[in-house]
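Please consider the model shown below, with attention first to a pocket and then to the contacts made by aromatic rings.

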Amino acid sequence: MKIAMIGTGYVGLVSGVCFSDFGHEVVCVDKDPRKIEMLRRGEVPIYEPGLDMVMARNVAAGRLTFTGDLAAAVDGADAVFIAVGTPTRRGDGHADLTYVMAAAGEIGRALTGYAVVVTKSTVPVGTNRQVAAAVRAANPAAEFDVASNPEFLREGAAIDDFMRPDRVVVGVESERAKAVMADIYRPLFLREFPVVYTDLESAEMIKYAANAFLATKITFINEMAMLCEKVGADIKAVSRGMGLDGRIGNKFLHAGPGYGGSCFPKDTQALARIGQEHAAPCAITETVIAVNDRVKRRMIDKVVDLCGGSVNGKTILVLGVTFKPNTDDMRDAPSLTIVPALVGGGAKVRVVDPQGRREGEALLPGVTWADDPYAAAEGADALVILTEWNEFRGLDLGQMAQRMAHPRMADLRNIYPPEDVREAGFVAHVAVGRPGFGVEG
């Protein structure tokens, strides 16, 4: 199959590279000439473990190329995937479809034969029909079908998610389009991974419903963590006891500083907006959004309390600022709420993150960046763990405590048992939903 992938952001690049690894001929298109040149040099503009090797393998095999010429990429393609950004629209929380509709118009003008125009971007219900209208308006004689093929990629594990998916969702309206999509995903079908065919609206809705449900699980366990702190329970034990119930499952039941990233914040807001527009309010989702914001702000209070009621003049070491480990993505990360509040409160903030500096330098002004957590701990008044990178899971806590002026820890990912923290020499400790020590109130 010949595939054109419009957009080389996170979804477009990962999808294009993986499709080429299936054996398809893939051309990835982007309007940014600097990004295209970077990709042609073999450089990956995002951090995703393993992506550089898969990309290099398929470029060398001649199956994967990069261009800024959309018309050339679309010419003769069996499928054209739209994988451009759909950021939250300022003011109303809806997904901004400007880039999607612009791509649809360009594709329409470039079509020279039958193709399936596939929306990979996360879009509100009804968007694929708008895409079809835009393609048709640009080229009334075009022969095409549209398909909805939402992505379910976890940053940091995207290659494995694409190659070994829980399911592939495809919304189509014709047998011809279904046949094309079946050919594209044949390598997964032959390995018996589920491919779910639906109508367009259901495919669009599955993506939003799935992400809203996962965001709800995270937010629920964070609410339970707050209650555990009040009643003396340990959220780690509660989560384990809940997760062993097969109806609930143990995934996304880890208490922390709130969800962030490229999907959950944007998709929950969009779903809430869709519900409002159709007079079917998604009250649970709306509450999840509000509670998640409160969770992030509650983390600020934990750090301030740890420091005796004020962070003014205190040196605070923050470990991890990306929204999760194994990614450089800072979008809606809890750190973007917590760190500026500490800086605004007069703290001198030092940051260590294996991949966060590239985006973080612009997003977190007023902080000092360091590479070595032990060197950064010298003279610090508090240590805050915000992202559970593997590098931070095996710290020599005794050495960290010895280097600090006041060995106090806010473990906002519940990595370390409180007894281990105390034994290492820390004099105060707070976590999320479990008992700490050395902090009044």
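The structure is a predicted model. Its second largest pocket has a volume of about 1,100 Å³. The lining of this pocket comprises 43 residues. Those that lie nearest the pocket centre are Gly9, Tyr10, Val84, Gly85 and Arg331. Three elements give two or more residues each to the lining of the second largest pocket, namely α1 (10-21), α5 (98-110) and α12 (264-277). The greatest contribution comes from α5, which supplies 4 residues.

In chemical character, the lining of the second largest pocket divides into 17 nonpolar, 13 polar and 13 charged residues; for this division, Gly is counted among the polar residues. Where does the second largest pocket lie with respect to domain 1 and domain 2? Domain 1 spans 2-198 and domain 2 spans 200-440. Because both domains give residues to the lining, the pocket lies between them.

The discussion now turns to the aromatic rings. With ring centres required to lie within 6.5 Å of each other, the count comes to 7 aromatic pairs. One of these pairs joins Phe19 and Phe81, whose ring centres are 5.1 Å apart and whose planes meet at 45°, a tilted arrangement. This pair links distant parts of the chain, since Phe19 belongs to helix α1 and Phe81 to strand β4 (residues 79-82), 62 residues apart. Phe19 and Phe81 are both buried, that is, each has under 20% relative accessible area.

Phe19 also pairs with Tyr185, in this case edge-to-face, with 5.5 Å from centre to centre and 65° between the planes. Here too the pair links distant parts of the chain: Phe19 is in helix α1, whereas Tyr185 is in the loop between α8 (175-184) and α9 (186-190), 166 residues apart. Tyr185, like Phe19, is buried. Which residues form one aromatic cluster with Phe19? They are Phe22, Phe81, Phe162 and Tyr185. Helix α1 therefore enters the description twice, as an element that gives two or more residues to the pocket lining and as the helix that holds Phe19.

Two further aromatic rings have a positively charged side chain over the face. Arg167 lies over the face of Phe152, at 3.8 Å from the ring centre. Lys178 lies over the face of Tyr197, at 4.8 Å from the ring centre.

Notes:
Residues are numbered from 1 along each chain as its sequence is written. This is a predicted model: local features need pLDDT of at least 70, side-chain atom pairs count only at pLDDT 80 or more; totals for chains, interfaces and linings use all residues. Side-chain values use heavy atoms; hydrogens and water are left out. On a 1 Å grid over the protein atoms alone, a cavity is a set of points where a 1.4 Å probe fits but cannot get out, and a pocket is an open set with protein on both sides within 12 Å along at least five of seven lines; lining residues have an atom within 4 Å of a point. Grid points are joined across faces, edges and corners, and a volume is the space filled by probe spheres set on the points. Domain bounds come from an automatic or database domain assignment. Rings of Phe, Tyr and Trp (its six-membered ring) pair if their centres lie within 6.5 Å; planes under 30 degrees apart count as stacked, over 60 as edge-to-face and the rest as tilted. Buried means under 20% relative accessible area, exposed over 50%, partly exposed in between (1.4 Å probe, protein chains only). A charge sits over a ring if NZ of Lys or CZ of Arg is within 6 Å of the ring centre and within 35 degrees of the ring normal.
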